[in-house]
Amino acid sequence: MSDEAPGNEPVQPIRTLTYRLTFADALAFEQLPRDLTGFRKFAVILWLALAGVVLGLLPESVAGAEGGLRWWLAGFALLAVQFGLLVAFYNLRMRRRARKRVSSACDVELAEWSDHLHERRGGRDVFVPPETIARVIRTDRHVFVDAPDDVVIIPASAFETENDMAAFAESWEEASLDPMGQIYGAKGGENR
């Protein structure tokens, strides 16, 4: 993945986007809905089930008779506390991950080439070829290019129009599904 032509002559990217990336942009990525699978799902179920274990260990003088109103209220209260702690944990974790992803606001330059994306952020270069893209997510305010090593976060303000943003997301989604195809050219994407 070189930014030079075969004759060692520099070539130009299809386009270059420049924008400011903030903690809020990283938090927007972390807040995307995700499925609970495997161990995480088991851990959440186990954590919430602990409310039932605690309810079973409480003396009758505190929880009331099994099946009574006070018993049900105690069970509901314990479950609410467990759920509240779980939500607080996930929110803290989400914010910590976002802060790690973007520790402070920074300027980003994203060069779009025919066969990869090249992001320059905070003195770091990231190259993202289409075959490494797990998914492309477009929201009203962002495009997220999720590659295993990193996530390229592009705010809507980086694009001239909403249609431009949609076309960018669509072309890279297609490229991730067919990495051997071309982003522009043979697939008819030259009308940009």
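**Exercise 1. Burial of strand 7**

Task: Determine how many residues of strand 7 are buried, and on which faces.

Solution. Strand 7 is mostly covered: five of its five residues are buried. Buried means under 20% relative accessible area, exposed over 50%, and partly exposed in between, with a 1.4 Å probe and protein chains only. Next, take the faces one at a time. Val151, Ile153 and Pro155 are buried on one side. Val152 and Ile154 are buried on the other. Both faces of strand 7 are thus covered.

A note on the model: it is predicted, local features need pLDDT of at least 70, side-chain atom pairs count only at pLDDT 80 or more, and totals for chains, interfaces and linings use all residues. Residues are numbered from 1 along each chain as its sequence is written, and side-chain values use heavy atoms, with hydrogens and water left out.

**Exercise 2. The sheet around strand 7**

Task: Place strand 7 in its sheet and find its bridge partners.

Solution. Start with the order. Three strands form an open sheet, 5-6-7, with antiparallel pairing. Strand 5 (135-138) and strand 7 (151-155) are the edge strands, each pairing on one side only. Neighbouring strands of this sheet are turned by 10° against each other on average, direction ignored. Strands and helices are DSSP runs numbered from the N terminus: E, at least two residues, for strands; H or I, at least four, for helices. Two strands pair if DSSP finds at least two bridges between them.

Now the partner. Strand 6 (residues 142-146) pairs with strand 7 over five bridges, in the antiparallel sense. His142 has Pro155 of strand 7 as its bridge partner. Asp146 stands opposite Val151. The connection is a hairpin of four residues from strand 6 to strand 7.

**Exercise 3. Helices across the sheet**

Task: Identify which helices lie across strand 5, strand 6 and strand 7, and give their angles.

Solution. Helix 1 (residues 23-30) lies across these three strands, at about 65° to strand 6. Helix 5 (residues 162-177) also lies across strand 5, strand 6 and strand 7. Helix 5 runs at about 165° to strand 5. Axes are lines fitted to C-alpha atoms, for helices over the stretch in contact, and angles run from 0 to 180 degrees between N-to-C directions. Contact means heavy atoms within 4.5 Å.

**Exercise 4. Strand 2 and its neighbours**

Task: Explain why strand 2 counts as largely enclosed, then trace its pairing.

Solution. Five of the seven residues of strand 2 (residues 106-112) are buried, so strand 2 is largely enclosed by the rest of the structure. Strand 1 (residues 15-21) pairs antiparallel with strand 2 over seven bridges. There, Thr16 has Ala111 as its bridge partner. Strand 2 also runs antiparallel to strand 3 (residues 117-121), joined by five bridges. Glu109 is bridged to Arg120 in strand 3. A hairpin of four residues links strand 2 to strand 3.

**Exercise 5. The whole chain**

Task: Summarise the fold by its elements, burial and contacts.

Solution. Count the elements: five helices and seven strands. Read along the sequence, they follow β-α-α-α-α-β-β-β-β-β-β-α. Buried residues make up 35% of the 192 residues. Finally, take contacts between residues at least 6 apart in sequence: 60% of these join residues at least 24 apart.
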